[in-house]
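These are my notebook entries on a structure that I looked up piece by piece. I set them down in the order in which I worked.

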Amino acid sequence: MLIIKDLHASVGDKPILKGINLEVKAGEVHAIMGPNGSGKSTLSNVLAGRENATVTSGSVLYQDRDLLALDVEERAREGVFLAFQYPVEIPGVGNVYLLKAALNAQRKHRGLPELDAMDFLALVKDKMKLMEMNETMLYRSVNEGFSGGEKKRNEILQMAVLEPRLAILDETDSGLDIDALKIVANGVNSLRAPDRSMIMVTHYQRLLDYIKPDYVHVLAEGRIVRSGGPELAHELEKHGYAWIGDEPAGAEVKHGS
Amino acid sequence: MSAVIQHYQSEFERAEPLLPWRDAKGWQAWRQSAWSRFAEQGFPSTRHEEWKYTSVAALEKLLLSCAPATPAPLDWASLKDKAVLPEARGRLVFVDGVFQPTLSRVDGLPAGLRMGALSGRSTQDSLKLQGLLEQGQRRTPFTALNAAFVAEGAWVAAEAGVRMEEPLLVLYVATEGQRAMHLANAYEAAEGSAFSVVEQYLGMTDEPYLVNGVTSATLDEGAKISHIKIQQEGARSYHIAALQAVQKRSSQFNSHSFALSGALGRNDIEAILAEPDAAVSMRGLYRVSRRELQDFHTTIRHDSPDCTSDECFKGVLNESGRAVFNGKIRVAPDAQHTLSQQSNHNLLLSDQAEVDTKPQLEIFADDVKCSHGATVGQLDEEQWFYLRSRGLAAEHARALLIEAFALDILTGIDLPVLRDALESLLRKTAHV
Ligand SMILES: Nc1ncnc2c1ncn2[C@@H]1O[C@H](COP(=O)(O)OP(=O)(O)O)[C@@H](O)[C@H]1O
Ligand SMILES: [Mg+2]
């Protein structure tokens with residue numbers, strides 16, 4: 001599904017990603033954990049095509065294609081979805097309008113007929129139930145005046161409607177109370193499928209109690225310094241990020257905090 | 001005397017015998033003194049503070065014809081698609097400044113609400129009109145020129161307590177170039193009455209012409225007028241207009257301006273809150289591209305206590321388009337408890353576009369709440385990226401964001417038929 005090789009990226013002159021290697025196979029859920037400022041959002045944005053970070057070297061293959069050569073919208077239509085850490089408010093653009101335009105852009109790209117208003121609404125309302133969202137949110141502007149939790153739910157609603165092949169969830173758990181977290185996790189879990197891969201970016205291991213990853217990676221200062229199974233998350237929880245230091249992956253684990 | 005003044009002097013001598021109300025006492029002298037006022041000043045130059053960023057030098061050189069036109073007949077079918085409210089129950093149509101009774105309809109109006117062409121008003125009424133226009137016509141060289149030549153326009157008068165929700169339409173169509181049209185509109189709302197009027201200006205020629213308008217709105221106690229003005233003028237047109245609203249106690253004046261096209265537009269809009277508890281909402285959208293210029297000079301005079309003003313203008317500037325916003329708020333010494341809000345937001349879509357925005361607050365009372373703010377910015381990258389990351393094409397996402405910025409100006413237009421009409425007009429004209 002996704003193969004990242006020795007990816008380097010800078011913001012301005014400042015190198016942020018310093019050689020990321022990661023392979024995600026179809027159906028897998030990978031968690032990327034790391035302290036604030038380690039480059040998690042930068043990696044997510046680079047995959048989605050945001051241009052404020054520049055890729056200086058390395059490659060990203062997505063379904064055997066050069067992902068970095070695709071435009072932002074092409075990536076989306078090909079099934080890449082980024083749930084933003086901070087979803088932006090867009091006053092004046094209707095939530096329902098965006099959902100429909102997004103879905104139909106994707107369908108058109110894939111040679112499918114556009115959905116008519118009735119079928120579309122039925123589909124969206126169905127997904128909204130899953131996210132326990134009030135239908136009135138459809139008729140509001142994108143994220144405008146939404147609480148932090150509503151914004152995150154709205155991201156997962158979009159994901160549920162667009163049914164991506166590769167979903168990148170950037171700190172989808174942050175700012176959620178426990179009830180909202182359960183709803184969001186439930187939505188994400190219902191989207192797990194053999195042909196759908198997910199990368200969950202998170203600072204805390206809390207989300208991983210609800211969405212079980214297949215692999216956990218630790219990102220520190222722009223490098224993946226540890227990779228392992230779900231148990232790695234628990235160790236991190238116990239020992240904190242200081243425990244990782246910035247040693248390269250494979251180095252001996254130092255204990256203490 | 002300059003060649004320009006000489007030209008308009010001979011136009012005045014030629015046109016004056018043909019202008020309406022000539023027999024009514026006072027009109028000839030009134031026009032004559034207006035003419036002298038203009039002749040003394042001439043067209044304003046950019047040395048004039050109020051015209052600093054807006055040069056009318058090219059207009060001055062045109063030496064336009066000012067005599068009443070004899071336009072070729074138009075049929076309603078050819079206008080219907082362009083009219084913003086084709087089904088309006090009250091409708092006045094003017095072509096090249098000449099009233100077209102066959103294209104107009106005023107028979108479906110409620111009792112106590114009258115609407116018509118100014119030229120059709122009695123000589124006695126015309127003196128009242130003179131009174132209404134008097135104040136406004138002293139404001140700029142253009143209003144003086146208007147007073148000298150004014151021949152036609154629209155009037156609407158609502159008697160006490162008469163309220164009509166459905167908007168009226170006043171449609172001005174320009175078909176012929178090289179012509180100056182001096183128009184006046186008079187809107188009067190008696191105590192407790194209410195109406196909405198949409199003034200739409202349609203340029204159907206690419207030749208240069210001038211629309212020079214003066215509008216007066218008078219609102220008695222508890223009256224409400226909503227005035228919506230739409231400029232869809234021709235590519236080489238000049239549209240210069242002055243509007244003044246005088247508001248009595250507890251009246252509400254809503255002014256919406258949409259300057260959508262035209263080579264040069266200049267609007268001087270003034271609301272005078274003359275008595276307590278009056279409220280004005282002044283909103284506008286200007287959209288410029290190519291080398292167009294739109295200039296809004298607004299004045300809100302808080303002359304009485306407990307009045308409210310809410311002003312918001314937005315601009316979308318493309319290519320080498322330019323805009324000017326000058327918003328003056330004057331709060332008189334005894335206008336305590338004034339509530340005033342002003343904002344001007346501009347979206348610059350090209351490096352060549354330019355906007356000059358200036359709030360001008362003159363506050364002489366102490367117990368007031370006045371706020372103002374202006375912004376000039378580009379499209380929000382983060383919003384643009386968000387939309388594209390959901391699969392929307394770059395151009396589609398961009399158009400959506402521009403539209404969202406612009407449509408926000410419709411806030412306060414609650415009547416669905418009007419809102420829908422304006423919304424679809426703004427969408428339709430977005431890509432010209
Ligand atoms: N637009 C930007 N301009 C300057 N520095 C940035 C910008 N975006 C991110 N950075 C820097 O890049 C580093 C990684 O940030 P980020 O990817 O957001 O980390 P994380 O998501 O792991 O908290 C930080 O040091 C941050 O300060
Ligand atoms: Mg982050």
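**Entry 1. The second largest cavity**

I began with the second largest cavity, for which I noted a volume of about 50 Å³. The model is a predicted one, and I read every entry here with that in mind. I then listed the residues that line this cavity: from chain A they are A76(A), G79(A), V80(A), F81(A), A102(A), Q106(A), L162(A) and P164(A), and from chain B they are S389(B) and R390(B). I looked up which elements supply at least two residues each, and found β6 and α3 (95-109) of chain A. Sorted by class, I recorded six nonpolar, three polar and one charged residues in this lining.

**Entry 2. Strand β6 of chain A**

I turned next to β6(A), since V80(A) and F81(A) appear in that lining. Which way do the residues of strand β6 (residues 80-83) of chain A point? I found that V80(A) and L82(A) face one way, while F81(A) and A83(A) face the other way. I noted that all four of these residues are buried.

I also looked up the pairing of this strand. β6(A) runs parallel to strand β9 (residues 166-170) of chain A, and four bridges join the two. At A83(A), I recorded L169(A) as the bridge partner in β9(A). I add one general remark: strands in a sheet are paired by hydrogen bonds of the backbone, in a parallel or an antiparallel sense.

**Entry 3. The largest cavity**

I then searched the whole structure for cavities of 30 Å³ or more and counted five. The largest cavity has a volume of about 80 Å³. Its lining consists of 15 residues, and those nearest the centre are H227(B), K229(B), A241(B), L243(B) and N267(B). I found that β7 (194-203), β8 (209-219), β9 (224-232), β10 (238-247), β11 and β12 of chain B each give two or more residues to this lining. By class, I wrote down six nonpolar, six polar and three charged residues.

**Entry 4. Two residues in chain B**

I followed β11 and β12 of chain B further through one residue of each. S255(B) belongs to strand β11 (residues 252-261) of chain B, and I269(B) belongs to strand β12 (residues 264-273) of chain B.

Is S255(B) buried or exposed? Its relative accessibility is 1%, so I entered S255(B) as buried, the cut-off for that word being under 20%. I269(B) is likewise buried, with a relative accessible area of 4%.

I looked up contacts next, leaving out residues up to four places away in sequence. S255(B) touches H227(B), I269(B), S281(B), M282(B) and R283(B). For I269(B), I recorded contacts with R139(B), L243(B), S255(B), S257(B), M282(B), F296(B), H297(B), T298(B), T299(B) and F313(B). M282(B) thus appears in both lists. I also checked one distance: I269(B) and V156(B) are 113 residues apart along the chain, and their C-alpha atoms are separated by 19 Å.

**Entry 5. A four-stranded sheet in chain A**

I returned to chain A and found an open sheet of four strands, in the order β2-β1-β4-β5, with antiparallel pairing. Its edge strands are β2 (14-24) and β5 (65-66) of chain A, each of which pairs on one side only. Strand β1 (residues 2-11) of chain A is joined to β2(A) by eight bridges, and S10(A) stands opposite P15(A) in β2(A). I noted that helix α1 (residues 40-48) of chain A packs on this sheet and touches β1, β2 and β4 (54-62) of chain A. The direction of this helix makes about 110 degrees with that of β1(A).

**Entry 6. L70 of chain A**

I looked up L70(A) and placed it in the loop between β5 and α2 (72-77) of chain A. L70(A) is buried, as its relative accessible area is 10%. Beyond its neighbours within four places in sequence, L70(A) is in contact with R65(A), R75(A) and E78(A).

**Entry 7. The second largest pocket**

I closed with the second largest pocket, which holds about 570 Å³ of space. I found 28 lining residues, with P91(A), G92(A), E403(B), A404(B) and F405(B) nearest the centre. Which element gives the largest share of this lining? I recorded α8(B), with six residues. By class, the lining has 12 nonpolar, nine polar and seven charged residues.

Note on methods: Residues are numbered from 1 along each chain as its sequence is written. Chains are lettered from A and ligands numbered from 1 in the order in which they are written. This is a predicted model: local features need pLDDT of at least 70, side-chain atom pairs count only at pLDDT 80 or more; totals for chains, interfaces and linings use all residues. Side-chain values use heavy atoms; hydrogens and water are left out. On a 1 Å grid over the protein atoms alone, a cavity is a set of points where a 1.4 Å probe fits but cannot get out, and a pocket is an open set with protein on both sides within 12 Å along at least five of seven lines; lining residues have an atom within 4 Å of a point. Grid points are joined across faces, edges and corners, and a volume is the space filled by probe spheres set on the points. Ala, Val, Leu, Ile, Met, Phe, Trp, Tyr, Cys and Pro count as nonpolar, Asp, Glu, Lys and Arg as charged, and the others, Gly among them, as polar. Two strands pair if DSSP finds at least two bridges between them. Contact means heavy atoms within 4.5 Å. Axes are lines fitted to C-alpha atoms, for helices over the stretch in contact, and angles run from 0 to 180 degrees between N-to-C directions. Buried means under 20% relative accessible area, exposed over 50%, partly exposed in between (1.4 Å probe, protein chains only).
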